[in-house]
Amino acid sequence: MKKPAVPTYKRLVIAWFFVPLHRFLFRLSGGRLLSRLEGVGVLILTTRGRKSGKRRSSPLLYFRFEGSDELIVVASNYGQDHHPGWFWNLLSDPEVVVEVRGERFSAQARIAEGAERIVLFEGVVATNSRFAAYRAGTDRQIPVVALRRA
């Protein structure tokens with residue numbers, strides 16, 4: 001097992017404090033506040049819990065690449081050795097809701113595979129090098145998810 005890119009105490013502060021605050025401020029402002037971090041856009045992805053059936057919302061960095069209208073998110077989970085909960089939820093139900101730039105819409109999630117996944121992940125790393133550290137911090141293959149407006 002490799003050393004995670006983000007120490008446990010930092011992940012806990014992010015998960016318990018920053019994520020709920022970010023979600024609250026983002027929604028309160030209609031997506032005007034905290035709509036960009038680290039030079040890229042932020043969206044809120046809402047999935048249906050695979051066990052509970054409840055709606056679960058996660059603020060995520062997203063990427064958009066030339067020639068595509070899909071929004072790309074990465075299930076990096078800060079370089080941990082397991083996928084984030086939102087990823088497991090969309091595997092169970094790929095119909096999601098996306099909030100971005102003050103707009104809310106239904107979308108279909110699709111897991112990128114093979115050569116497409118490699119190209120997309122390298123594009124993500126070229127845009128934000130933090131994802132290279134996440135990749136180096138785990139032995140798992142980090143999933144790349146394409147979100148297309150339904």
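## A polar contact, and one example

A polar contact is a pair of N or O atoms within 3.5 Å; within protein, one must be able to donate a hydrogen and the other to accept it. In this predicted model, the side chains of Glu99 and Arg104 form such a contact at 3.1 Å. The two side chains also meet in a salt bridge, 3.1 Å from N to O.

Glu99 sits in strand S5. Its relative accessibility is 9%, so it counts as buried, the limit being under 20%. Arg104 is exposed, because its relative accessible area of 56% is over 50%. The salt bridge thus joins a buried acid to an exposed base. Which residues does Glu99 touch, beyond those up to four places away in sequence? They are Phe26, Arg27, Leu43, Ile44, Thr46 and Arg104.

## Overall fold

The protein has four helices and seven strands. From the N terminus on, their order is α-β-β-β-β-α-β-β-α-α-β. Contacts with a separation of 6 or more give a view of the chain's wiring. Of these, 61% join residues 24 or more positions apart.

There are 150 residues in the protein, and buried residues make up 44% of them. The exposed area is about 8400 Å². Carbon and sulfur atoms supply 56% of that area.

## Two nonpolar cores

The largest nonpolar core has 18 residues. Which of them touch the most other members? They are Leu43, Leu45, Trp86, Val98 and Leu147. Several elements each supply at least two residues of this core. The strands are S2 (40-48), S3 (55-62), S4 (71-74), S5 (95-100), S6 (103-111) and S7 (144-149). Helix H2 (85-92) is also on the list.

Trp86 deserves a look of its own. Leaving out residues up to four places away in sequence, Trp86 touches Leu45, Thr47, Ser58, Leu60, Val73, Val74, Ala75 and Val145. A second, separate core holds 16 residues. Among them are Val42, Ile72, Phe121 and Ile142.

## A nonpolar patch on the surface

Leu21, Phe24 and Leu28 make a nonpolar surface patch of about 310 Å². Leu28 belongs to helix H1, which covers residues 8-28. Is Leu28 buried or exposed? Leu28 is exposed, since its relative accessible area of 61% is over 50%.

## A buried histidine

His83 lies in the loop between S4 and H2. Its relative accessible area is 17%, which is under 20%, so His83 is buried. The side chain of His83 makes a polar contact with the side chain of Arg140, at 2.7 Å.

What else does His83 contact, leaving aside its neighbours within four places in sequence? The full set is Asn77, Trp88, Arg140, Gln141 and Pro143.

## Salt bridges

How many salt bridges does the structure hold? There are eight. One of them joins the side chains of Arg148 and Glu70, 3.3 Å from N to O. This pair links distant parts of the chain, 78 residues apart. Arg148 is in strand S7, and Glu70 is in the loop between S3 and S4. Glu70 is buried because its relative accessible area is 8%, under the 20% limit. Arg148, at 40%, counts as partly exposed.

Another salt bridge joins the side chains of Glu116 and Arg110, 2.9 Å from N to O. Glu116 has a relative accessible area of 33%, so it is partly exposed. Arg110 is partly exposed too, with a relative accessible area of 31%. These pairs are part of a wider arrangement. Asp69, Glu70, Arg110, Glu116 and Arg148 are linked in a network of salt bridges.

Note on methods: Residues numbered from 1 in each chain as written. Predicted model: local features only at pLDDT ≥ 70, side-chain atom pairs only at ≥ 80, totals over all residues. Heavy atoms only, no water. Core = buried A, V, L, I, M, F, W, Y, C linked by side-chain atoms within 4.5 Å. Buried < 20%, exposed > 50% of the residue type's maximum accessible area, 1.4 Å probe, protein only. Contact = heavy atoms within 4.5 Å. Patch = residues over 30% accessible without salt bridge, like charges linked within 9 Å, V, L, I, M, F, W, Y side chains within 5 Å. Areas by Shrake-Rupley, 256 points an atom, 1.4 Å probe, with all protein chains shown as cover. Salt bridge = Lys/Arg side-chain N within 4 Å of Asp/Glu carboxyl O.
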